[in-house]
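Colleague: I am new to this structure and would like a close look at a single part of it. Could you walk me through the largest pocket and what lines it?

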Amino acid sequence: MNIENIVNFSTNDADVEHYHLESEKRISGNPAQTVENHFSSPCNQFHSGSWQSEKGCWKVSYTESEYCEILAGCSIITDDSGRTMTVSKGSRFVIPAGFTGTWEVVEECRKIYVMFETNN
């Protein structure tokens with residue numbers, strides 16, 4: 001390994017995926033979403049990149065642990081008990097594997113993600 005193996009998000013040609021959520025996950029809206037995955041480990045358990053979404057609300061069920069840093073916008077994360085957490089530009093947090101609830105984008109949101117999924 002050498003310096004050429006370091007992945008610089010600002011100069012890397014990421015794999016870009018544009019999509020809409022499956023209808024069974026959507027609660028409101030039909031937000032267009034984009035993922036730019038800049039790095040996946042050889043074992044395919046560790047990934048990092050950026051994500052953005054238009055306004056909308058959907059069900060989430062995390063099988064991976066994910067670190068997030070919000071770059072723009074505002075979202076409300078709600079657990080299955082109804083407790084909420086509002087995240088906006090500058091928010092940094094980890095969603096642990098096993099979390100279930102909803103993610104609502106109230107102002108177009110963009111984040112950096114780093115996720116790890118264990119082999120079960």
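Modeller: Happy to; here is the pocket, with a little of its surroundings. This is a predicted model, where local features need pLDDT of at least 70 and side-chain atom pairs count only at pLDDT 80 or more, while totals for chains, interfaces and linings use all residues. Residues are numbered from 1 along each chain as its sequence is written, and side-chain values use heavy atoms, with hydrogens and water left out.

The protein has nine strands and zero helices (DSSP runs numbered from the N terminus: E of at least two residues for strands, H or I of at least four for helices). Its C-alpha trace spans about 45 × 30 × 30 Å along the principal axes.

Now to the pocket itself, an open set of points on a 1 Å grid over the protein atoms alone, where a 1.4 Å probe fits, with protein on both sides within 12 Å along at least five of seven lines. The largest pocket has a volume of about 720 Å³, meaning the space filled by probe spheres set on the points, which are joined across faces, edges and corners.

Its lining counts 24 residues, each with an atom within 4 Å of a point. Nearest the centre lie Tyr-19, Leu-21, Lys-25, Trp-51 and Glu-64. At least two lining residues come from each of β1 (15-20), β3 (32-40), β4 (46-53), β5 (56-61) and β9 (100-116). By type, the lining holds ten nonpolar, eight charged and six polar residues (nonpolar: Ala, Val, Leu, Ile, Met, Phe, Trp, Tyr, Cys and Pro; charged: Asp, Glu, Lys and Arg; polar: the others, Gly among them).
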